[in-house]
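This briefing goes through one protein chain by topic. The sequence and structure come first, and the notes follow.

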Amino acid sequence: MLELHTESDPRVAAQKAALTVGGIIAGYKDLPVLFLVSGGSPLEILKYLSPDSFERINPVTSGISSVPFPKVD
């Protein structure tokens with residue numbers, strides 16, 4: 001399922017995204033979760049993720065990759 005939302009305030013957008021991501025992760029409470037994101041924007045989302053989303057579920061592993069691709073001519 002893909003939902004598209006727009007928000008002009010980056011802080012509010014990160015807070016709303018964190019609520020959504022936290023809810024999705026909490027929905028997999030019986031399974032281990034691998035949460036991978038890329039780019040600098042997800043760092044803002046992680047600041048607003050509630051620890052409660054992770055406490056009641058099996059292990060959650062998260063990773064962030066911010067490796068820029070070289071410019072190709």
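The notes below cover the overall layout, the salt bridges, the main pocket, a surface patch and contacts between residues distant in sequence.

The model is predicted. Its chain has 73 residues, of which 18% count as buried. The secondary structure consists of three helices and two strands, and three salt bridges are present in the structure.

**Layout of the chain**

- Read from the N terminus, the elements follow the order α-β-α-α-β.
- Helix H1 covers residues 10–26 and strand E1 covers residues 33–38, with a loop between them that contains Tyr-28.
- Helix H2 is made up of residues 41–48, and Glu-44 is one of its residues.
- Lys-47 also belongs to helix H2.
- Leu-36 is located in strand E1.

**Salt bridges**

- Side chains of opposite charge can pair when their charged atoms come close.
- Glu-7 and Lys-16 are joined through their side chains by a salt bridge, with an N to O distance of 3.1 Å.
- Glu-7 has a relative accessible area of 33% and is therefore partly exposed, since partly exposed covers the range between the buried limit of 20% and the exposed limit of 50%.
- Lys-16, its partner, is partly exposed as well, with a relative accessible area of 47%.
- Asp-9 pairs with Arg-11 in a salt bridge whose closest N and O atoms are 4.0 Å apart.
- Asp-9 is partly exposed at 28% relative accessibility, and Arg-11 is partly exposed at 42%.
- Glu-44 and Lys-47 form a salt bridge between their side chains at 3.2 Å, N to O.
- The two residues Glu-44 and Lys-47 are both in helix H2 and stand three residues apart, which is about one turn of the helix.
- Glu-44 has a relative accessible area of 36%, so this residue counts as partly exposed.
- Lys-47 has a relative accessible area of 55% and therefore counts as exposed, because the exposed class begins over 50%.

**The largest pocket**

- The volume of the largest pocket is about 390 Å³.
- Twelve residues line the largest pocket, and those nearest its centre are Glu-3, His-5, Lys-16, Ala-17 and Thr-20.
- By type, the lining of the largest pocket comprises six nonpolar, three polar and three charged residues.
- Lys-16 thus appears in two topics: this residue is among those nearest the centre of the largest pocket, and its side chain meets that of Glu-7 in a salt bridge.

**A nonpolar surface patch**

- Which residues form a nonpolar patch on the surface? The patch consists of Ile-24, Tyr-28 and Leu-31, which together have about 310 Å² of accessible area.
- Tyr-28 is partly exposed, with a relative accessible area of 46%. This value allows Tyr-28 into the patch because patch residues need over 30% relative accessible area.
- The position of Tyr-28 in the chain is the loop between helix H1 and strand E1.

**Residues apart in sequence, with their distances in space**

- How far apart are Glu-44 and Ala-14 in space, C-alpha to C-alpha? The distance is 5.8 Å, with 30 residues of separation in sequence.
- Lys-47 and Ala-14 have C-alpha atoms 8.4 Å apart, and their separation in sequence is 33 residues.
- Ala-14 is thus the partner in a listed pair with Glu-44 and in another with Lys-47, the two residues that share a salt bridge in helix H2.
- Leu-36 and Gly-63 are 4.8 Å apart, C-alpha to C-alpha, across a sequence separation of 27 residues.
- Is Leu-36, in strand E1, buried or exposed? Leu-36 is exposed, because its relative accessible area is 59% and the exposed class applies over 50%.

How values were computed
Residues are numbered from 1 along each chain as its sequence is written. This is a predicted model: local features need pLDDT of at least 70, side-chain atom pairs count only at pLDDT 80 or more; totals for chains, interfaces and linings use all residues. Side-chain values use heavy atoms; hydrogens and water are left out. Patches are made of residues with over 30% relative accessible area and no salt bridge: like charges are joined within 9 Å, nonpolar side chains (Val, Leu, Ile, Met, Phe, Trp, Tyr) within 5 Å. Accessible areas come from the Shrake-Rupley method with a 1.4 Å probe; for residues, only the protein chains shown count as cover. Helices (H or I, at least four residues) and strands (E, at least two) are DSSP runs, numbered from the N terminus. Buried means under 20% relative accessible area, exposed over 50%, partly exposed in between (1.4 Å probe, protein chains only). On a 1 Å grid over the protein atoms alone, a cavity is a set of points where a 1.4 Å probe fits but cannot get out, and a pocket is an open set with protein on both sides within 12 Å along at least five of seven lines; lining residues have an atom within 4 Å of a point. Grid points are joined across faces, edges and corners, and a volume is the space filled by probe spheres set on the points. Ala, Val, Leu, Ile, Met, Phe, Trp, Tyr, Cys and Pro count as nonpolar, Asp, Glu, Lys and Arg as charged, and the others, Gly among them, as polar.
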